[in-house]
Amino acid sequence: MPNFTEIKGSCFCGANQFTITQPAVDTHHCHCSICRRLQGAAFVTLSIFPRDGFHWTKGGDLQTYNSSDKVHRNRCKNCGSPLTIDLDAMPNVIAVSRACLDPNADPGQPPETLRHAFWPDRAPWLEGAETLPKVAGFDK
Ligand SMILES: [Zn+2]
Ligand SMILES: [Zn+2]
């Protein structure tokens with residue numbers, strides 16, 4: 001993708017910051033039960049980048065939890081933000097929490113990779129969420 005511009009991201013507290021200089025090869029919304037529980041979310045959006053293009057500009061010393069012997073999930077030691085995932089099966093890439101990229105950052109993935117992964121495992125309580133009232137703050 002010739003038009004990719006460098007993007008940045010960080011954890012919530014800012015102790016860990018990174019830049020990415022190559023576009024994502026894949027972005028998907030993961031609905032698997034492991035991602036959901038480990039990130040405390042209905043689903044988790046992950047962008048997968050070439051490892052060569054991922055650079056820590058601050059911090060980078062993370063807490064690692066091995067959700068299997070081949071999948072290593074890395075969080076900020078201070079604020080707990082889930083930042084990256086290392087996959088033994090794919091050593092040349094790094095999975096990054098899409099929500100930890102700057103809000104306007106475009107990961108640059110091929111659009112055909114966007115999909116809902118592990119859709120049959122999705123949280124049942126998400127059903128119908130798109131049609132619920134949409135309010136500012138906690139207003140009812
Ligand atoms: Zn942090
Ligand atoms: Zn998952």
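Trainee: Quick one to start: what share of the 140 residues in the chain is buried?
Mentor: Buried residues come to 26% of the chain's 140 residues. Keep in mind that this is a predicted model.

Trainee: Okay. How many helices and strands does the chain have?
Mentor: There is 1 helix, and there are 10 strands. Going along the sequence, you'd read β-β-β-α-β-β-β-β-β-β-β.

Trainee: And the overall dimensions? What box do the C-alpha atoms fill?
Mentor: Roughly 45 × 35 × 30 Å, taken along the principal axes. The radius of gyration is 16 Å, which agrees with the value near 14 Å that a compact globule of 140 residues would have.

Trainee: What about contacts, how many of them join residues at least 24 apart?
Mentor: If you take contacts between residues at least 6 apart in sequence, 62% join residues at least 24 apart.

Trainee: Let's do the sheet. In what order do the strands of the open sheet come?
Mentor: The order is β6-β7-β8-β9-β4-β3-β10, so to speak reading across the 7 strands, and the pairing is mixed. β6 (63–68) and β10 (116–117) are at the edges. Each of those two has a single partner strand, so one side of each has no neighbour in the sheet.

Trainee: What holds strands of a sheet together, anyway?
Mentor: In general, they pair through backbone hydrogen bonds, and the pairing can be parallel or antiparallel.

Trainee: Back to the edges, then. How many bridges join β6 to β7?
Mentor: 5 bridges, with β6 and β7 (residues 71–75) running antiparallel. One pair to look for is S68 with its bridge partner V71 in β7.

Trainee: And the other edge, which way do β3 and β10 run, parallel or antiparallel?
Mentor: Parallel, with 2 bridges joining β3 to β10. Find C30 there: its bridge partner in β10 is A117. C30 also has a bridge partner in β4, namely V44. Strand β3 (residues 26–30) and strand β4 (residues 44–50) are antiparallel and are joined by 5 bridges.

Trainee: I don't see β2 in that sheet order. Which strands is β2 joined to?
Mentor: β2 is joined to β1 (residues 7–10) by 4 bridges, running antiparallel. Another 4 bridges join β2 to β5 (residues 54–58), also antiparallel. On the β1 side, K8 has T19 as its bridge partner in β2. On the β5 side, I20 stands opposite F54.

Trainee: What sits between β1 and β2?
Mentor: The two strands form a hairpin with 6 residues between them. G14 in that turn has a positive phi of about 90°.

Trainee: Which side chains of β2 are buried?
Mentor: F18 and I20, which point to one face. Q17 and T19 point to the other face and aren't buried, giving an alternating pattern along β2.

Trainee: New topic: how many residues are in the largest nonpolar core?
Mentor: It has 22 residues, and those with the most contacts inside it are L46, I48, F49, L83, A95 and V96. β2 (17–20), β4, β8 (82–87) and β9 (93–97) each supply at least two residues of that core.

Trainee: What does I48 touch?
Mentor: Not counting residues up to four places away in sequence, I48 touches A24, V25, D26, V93 and A95.

Trainee: Tell me about V93. Is V93 buried or exposed?
Mentor: V93 is in strand β9, and V93 is buried because 20 other C-beta atoms lie within 10 Å; the cut-off for being buried is 20 or more. Outside its neighbours within four places in sequence, V93 is in contact with V25, I48, F49, P50 and R51. V93 and F49 are 44 residues apart along the chain, with their C-alpha atoms separated by 5.4 Å.

Trainee: Which residue has a positive phi although it is not a glycine?
Mentor: F118, with a phi of about 55°. Most residues other than glycine have a negative phi. You'll find F118 in the segment after β10, and F118 is partly exposed, with 16 other C-beta atoms within 10 Å.

Trainee: Last one. Where is G60?
Mentor: G60 is in the loop between β5 and β6. G60 is partly exposed, with 15 other C-beta atoms within 10 Å. Its C-alpha atom is 9.8 Å from that of K77, which is 17 residues away in sequence.

Conventions. Residues numbered from 1 in each chain as written. Chains lettered and ligands numbered in written order. Predicted model: local features only at pLDDT ≥ 70, side-chain atom pairs only at ≥ 80, totals over all residues. Pairing = 2+ DSSP bridges. Core = buried A, V, L, I, M, F, W, Y, C linked by C-beta atoms within 7 Å. Buried ≥ 20, exposed ≤ 12 C-beta atoms within 10 Å, placed from the backbone. Contact = placed C-beta atoms within 7 Å. Rg over C-alpha atoms; globule rule 2.2 N^0.38 Å.
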